[in-house]
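Colleague: Could you take me on a close look at one part of this model, the second largest pocket, and then at the helix packing that goes with it?

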Amino acid sequence: MTEKIKEFINDPDKLEKMYREDKKSFESGFERIYPEIADTEMSKFWKSRLDFDKSTDKTKIGFGTDIFIMIAVCLFAGFLIKIPDLFNINVNSFFFYEKDAAIIVFLALSIYAFAINRDFSRRNLLITILVFIVSIIYINLLPNSRSNDPANLVYIHMPLLIWCLYGLVYTDFDFKDQGKRIKFIRYNGDLAIMGALILIAGGILMMITIGLFQAIGIHIEKFYMNYILLIGLVSAPVLTSYILKNYTTLTNKIAAIIATIFSPLVLITLVIYLIAIPISGKDPYNDRNFLMIFNIMLLGVMAIIVFSVSEASGIIKRKFSELVLFILSIVTLIINLIALSAIFYRLGEFGLTPNRLAVLGSNIMIFANLILITIDLFKINFKKTEPEKVELTISKYLPVYVIWVLIVVFGFPLFFGMK
């Protein structure tokens, strides 16, 4: 959509037709590329028109209504996260946070999405409620043991499954629409970046507040940690979602700038890290903890690539960003190959376990996805393919991750047992 808008920016009839065919995609696409086309008269006209439509919509439903909905959902999430205190549940023996914290966050996000969508389907709402209920019952029936590998894997993968459910809610259960999938990926990138900024700001506020009270001899650390901090953490995604919805132009600019700055820094860090590994004498083949950290780093870099690709598509001078992402994807492929070889080595030496199989499956999927992304980034940099091609590849690959998560969450406990 963004490329079409730029192509037909001086064709009012074509723009009007595109707008009427898909208003949501047109609006989001226009917001992303507006900084590039802001000097044209037609873009100024459409900017005024779209902003006027938004202000009209806010007048109809009440702009303040969104604020009250956001506050109500945050309070509800805060209530749920404090259930152990309200009912004297030992969080350490029951594993409440490991099992339920992520579900509470995505439940709050789903409730907020339904609440601000005045045209939601009751059928979709019922399906969402049922899936959340089944997920909560299922995960809380699992054994409370840190030595139970299948159960621990469910704790790790259940948030990913609930994230997939939230994706359905966000796209109004039209997940077959590639455009809506891409929009959801972009939203997650913006959510991660803006959420991190909000959490950093919240951390600074917390330190200032505790310091001020300590200065007058009042110690509020325990109260602040147990109530303000905990409730703030589960509320932050909903607050971020509210900001993304109501301050689109501002958040798009901030996310794009951060992605542009952060990607080269990650690339430099990874190259230095790969050089430092043989010097340090550490290797993932014989050091289990190092392999675990290695894989966490791999997942983090993969997420950065995915989200940076989405942000880079809206940057004016994006050629540098595209080249950085291409090199970063190659470096990440090297890291993935090292991790895969270490996993196969440990499988041969120590045998098959649920953890090793889960890590192996995840690495193989990421490796395949990275190859596709790297090929697309190569075409973008050297064969003038449109950047949206990468986003389309990422969106098409999402069902593969969904299938794997379902296998781990429901298949592993059956296959390996819960002893």
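Modeller: Happy to! One definition helps before we start: Ala, Val, Leu, Ile, Met, Phe, Trp, Tyr, Cys and Pro count as nonpolar, Asp, Glu, Lys and Arg as charged, and the others, Gly among them, as polar. Please keep in mind that this is a predicted model.

With those classes, the lining of the second largest pocket divides into 26 nonpolar, 10 polar and four charged residues. The pocket has a volume of about 1600 Å³, and 40 residues line it. If you want a place to centre your view, I156, H157, L160, L299 and S362 are the lining residues that lie nearest the centre of the pocket. Two or more lining residues come from each of α10 (149–170), α11 (178–215), α14 (288–312), α15 (319–350), α16 (354–382) and α17 (388–416). Of these, α14 gives the largest share, with 12 residues.

Now to how some of these helices pack, beginning with α10 and α11. Their axes are 10 Å apart, and the packing angle is about 120 degrees. Angles of 65 to 115 degrees count as roughly perpendicular and those over 145 as roughly antiparallel, so α10 and α11 are oblique to each other. Their crossing is right-handed. On the α10 side the contact is made by W163, Y166, G167 and Y170, and on the α11 side by K183, F184, Y187 and N188. By class, that contact holds five nonpolar, two polar and one charged residues.

The helix α11 also packs against α17. Here the axes come within 9 Å and cross at roughly 95 degrees, which makes α11 roughly perpendicular to α17. From α11, the contact takes in Q178, R181, I182, I185 and R186, while α17 brings E391, L392, I394, S395, K396, L398 and P399. Sorted by class, the contact of α11 with α17 has six nonpolar, two polar and four charged residues.

One residue in that contact is worth a zoom: K396, which is found in helix α17. Leaving aside neighbours within four places in sequence, K396 is in contact with Q178 and R181. The C-alpha atoms of K396 and I182 are separated by 9.3 Å, although these two residues are 214 residues apart along the chain.

For another helix pair to set beside these, try α8 (residues 96–116) and α12 (residues 221–246). The axes of α8 and α12 come within 10 Å and cross at roughly 30 degrees, and that makes α8 roughly parallel to α12. The crossing of α8 and α12 is right-handed. In α8, Y97, V105, A108, L109, Y112 and I116 meet L230, V234, P237, V238, S241, Y242, K245 and N246 in α12. The contact of α8 with α12 has 11 nonpolar, two polar and one charged residues.

Terms used:
Residues are numbered from 1 along each chain as its sequence is written. This is a predicted model: local features need pLDDT of at least 70, side-chain atom pairs count only at pLDDT 80 or more; totals for chains, interfaces and linings use all residues. Side-chain values use heavy atoms; hydrogens and water are left out. On a 1 Å grid over the protein atoms alone, a cavity is a set of points where a 1.4 Å probe fits but cannot get out, and a pocket is an open set with protein on both sides within 12 Å along at least five of seven lines; lining residues have an atom within 4 Å of a point. Grid points are joined across faces, edges and corners, and a volume is the space filled by probe spheres set on the points. Helices (H or I, at least four residues) and strands (E, at least two) are DSSP runs, numbered from the N terminus. Axes are lines fitted to C-alpha atoms, for helices over the stretch in contact, and angles run from 0 to 180 degrees between N-to-C directions. Angles under 35 degrees count as roughly parallel, over 145 as roughly antiparallel, 65 to 115 as roughly perpendicular and the rest as oblique. A crossing is left-handed if the near helix is turned anticlockwise from the far one by less than a right angle, and right-handed if clockwise. Contact means heavy atoms within 4.5 Å.
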